[in-house]
Amino acid sequence: MPKIKHETIPIRCVLADEKAGACTAVEHTTLPLCKFHIEDLERTIKRIREADHLRESLTEKGGEAFLFNRKSGTVYALNTTGTFIVKEILSGKNPISLIEDMHEAFLTDSRTEAVRDLFGFLREVQKTDLIASLGNYESK
Ligand SMILES: [Zn+2]
């Protein structure tokens, strides 16, 4: 019996709706992110990785983790997904592998969902006083 198998190649950036005009072509065959946003993500990940105070303040408990700001005394609790993302970033994962890992670990329906989760989380992290001074990944 002949069968037709299909897969969808992403042609549109997940973040195209959020910042009109910023997106460039989608080059990756499985990842629905344009080059501009991949580079943006790489910069944010690099900033987080270089934030020594963030690395030092990470405490794990079960599947969850806490980030403690010694200066302000604020404790941030991360859920399982947040913990996973922070650990992957600190371990040196690049954005594409990170999204693949999230897609596999949390069985998201698509990589689009993983990308949205990741950007949503990074947005939250950047609102905290832990890396507030490090800038925004959307700045350019
Ligand atoms: Zn884009």
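So, C13. Leaving out anything up to four places away in sequence, C13 touches C23, V26, P32, L33, C34 and H37. This is a predicted model, by the way, so keep that in mind as we go.

Why start with that cysteine? Well, C13 is among the residues that touch the most other members of the largest nonpolar core, along with L33, I89, I99, V115 and L118. That core has 28 residues. And you'll notice L33 turns up twice: as a partner of C13, and in that group of well-connected core members. As a general point, nonpolar side chains in soluble globular proteins tend to be buried together.

Okay, where does the core come from? The elements giving two or more residues to it are α1, at 35-50, β2, at 64-69, α3, at 80-90, α4, at 95-105, and α5, at 111-127. The largest share is from α5, with 6 residues.

Let's stay on α5, then. It's 17 residues, and from its first C-alpha to its last it reaches 24 Å, close to the 24 Å you'd expect at 1.5 Å a residue. Now, which residues of α5 are buried? They're R111, A114, V115, L118, F119, L122 and V125. Those sit on the same side of α5, because they cover an arc of only 130° around the axis. And yes, there's an arginine in that list, R111. Flip to the face turned away from the buried side, and you find the exposed residues G120, E124 and K127. As for what covers the buried residues of α5, that includes α1, α3 and α4.

Zooming out a bit. The protein has 5 helices and 3 strands, and from the N terminus on the order is α-α-β-β-β-α-α-α. The C-alpha trace spans about 65 × 35 × 20 Å along its principal axes. Out of 140 residues, 27% are buried. And for you contact-map people: take the contacts with a separation of 6 or more, and 39% of them are between residues 24 or more positions apart.

Last bit, confidence. Mean pLDDT for the protein is 83, and 90% of the residues reach 70 or more. The stretch to watch is 134-140, where pLDDT is below 50. That stretch does have 11 contacts in the model beyond near neighbours in sequence.

So, to recap: a 28-residue core, with α5 giving the largest share of it, and a pLDDT below 50 over 134-140. Okay, over to you.

Notes
Residues numbered from 1 in each chain as written. Predicted model: local features only at pLDDT ≥ 70, side-chain atom pairs only at ≥ 80, totals over all residues. pLDDT = per-residue confidence, 0-100. Contact = placed C-beta atoms within 7 Å. Core = buried A, V, L, I, M, F, W, Y, C linked by C-beta atoms within 7 Å. Buried ≥ 20, exposed ≤ 12 C-beta atoms within 10 Å, placed from the backbone. Helix = DSSP H or I, 4+ residues; strand = E, 2+ residues; numbered from the N terminus. Expected span 1.5 Å × (residues − 1). Arc of directions from axis to C-beta.
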